[in-house]
Amino acid sequence: MRGVVMYAPGDVRVVDREGPKVIDPTDAVIRITATCICGSDLWPYRGVEPVDHTLMGHEYVGIVEEIGADVLMLKVGDFVVGSFCISDNTCPICRDGYQSRCVHGSFVAGAIGTQAEKARIPYADGTLVATPAQPDEDLIPSLLAASDVLGTGWFAAVAAAAGPGKTVAVVGDGAVGLMGVLAAKQLGAERIIAMSRHADRQALAREFGATDIVETRGDEGIAAIKDLTDGLGAHSVIEAVGTRESMMQAIGSTRPGGHIGYVGVAHDVALPLDNLFFAEVHLLGGPAPVRRFLPELIDLIWNRKIDPGKVFDQVLPLDQVAEGYRSMDERKAIKTLLTF
């Protein structure tokens, strides 16, 4: 089968990989219908994370082709949406709603790699969720978004306690930040401030529910948020970048007693504890437990109440994956969907 391998920073290739087979009785093999490139895939692409012949991809939807003897919730032919984290969905941590830290968990990225024609998914009953039927073609991008960026943005909004009567600020205008805007709107936020310098992303943020745009960053960005909130700061702040600057901007933009949901993958970020101590804010974040939200998100998409698939502004065949990485690295595309 064809699959994407990153040989070294900037070197992404489609190669012939061995097709997957059921190994453990909890496995399922799926034929992938659509996959995509994630912003986090750019860390190794840029040399920030180590990479050496790494299997790429962790967002996926597809059709079940084979199941192990212990798979009870799925059947061959089901169309499924999968999380970027493998989980059994039954361990004590999963039952608490943190499937991304399942005691039997692992990451799809690197170990499985779903920028490929097929994939073996361990703990299939706990990782995959079937749709009510075969989806209409136009729903597939939105269902794909649910496997990571929508689920991650949703977790960020929940972690930030977004809800009715709240003002939510979103730091980061990539796909996850934009999904955070959509999630905050669905959770009933009264005001949503998107921090963005790019006209195309600002337009999409407004379409997803943003009421205000702040183009400045750092201390100026914090001041702009406070100007919009009577000098107090936002009740809820979503951090969707993962740099020290973005975290400090999030902390500074949050009112005392407010909540920050941080989902940007951090690299060598150190925070001054004195700033955090006197900020008096709640912090919750990390790898999103997407599996917790998948049934609800699939239902919203299936009934056409949300359309997160609009975040894909580039569609390429798998064989042109290198162009997709270049486009996202150069910020010419927000998010690239790959087809077969």
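A surface patch here is made of residues with over 30% relative accessible area and no salt bridge, with nonpolar side chains joined within 5 Å. The model on screen is predicted.

**Stop one: the nonpolar patch.** Select I93, Y98, V103 and L284. Together they form a nonpolar patch on the surface, with about 300 Å² of accessible area. Now select Y98 alone. Y98 sits in the loop between α2 (92-95) and β8 (106-107). Its relative accessible area is 30%, so Y98 counts as partly exposed, a class that lies between under 20% for buried and over 50% for exposed.

**Stop two: the three-stranded sheet.** Select β1 (residues 2-8), then the edge strands β2 (11-16) and β4 (54-55). The strands form an open sheet in the order β2-β1-β4, with antiparallel pairing. Each edge strand pairs on one side only. Between β1 and β4 there are two bridges; to see a bridged pair, select V5, whose partner in β4 is L55. Next, add helix α12 (residues 321-329), which packs on the sheet and touches β1 and β2. The direction of α12 makes about 155° with that of β2.

**Stop three: A130.** Move to strand β10 (residues 128-130), where A130 is found. Is A130 buried or exposed? Neither: A130 is partly exposed, because its relative accessibility is 29%, and buried would mean under 20%. Which residues does A130 contact, leaving aside its neighbours within four places in sequence? They are L74, D78, F79 and V80. Finally, select V81: its C-alpha atom is 6.4 Å from that of A130, although 49 residues separate the two along the chain.

How values were computed: Residues numbered from 1 in each chain as written. Predicted model: local features only at pLDDT ≥ 70, side-chain atom pairs only at ≥ 80, totals over all residues. Heavy atoms only, no water. Pairing = 2+ DSSP bridges. Helix = DSSP H or I, 4+ residues; strand = E, 2+ residues; numbered from the N terminus. Contact = heavy atoms within 4.5 Å. Axes fitted to C-alpha atoms, helices over the stretch in contact; angles between N-to-C directions. Patch = residues over 30% accessible without salt bridge, like charges linked within 9 Å, V, L, I, M, F, W, Y side chains within 5 Å. Areas by Shrake-Rupley, 256 points an atom, 1.4 Å probe, with all protein chains shown as cover. Salt bridge = Lys/Arg side-chain N within 4 Å of Asp/Glu carboxyl O. Buried < 20%, exposed > 50% of the residue type's maximum accessible area, 1.4 Å probe, protein only.
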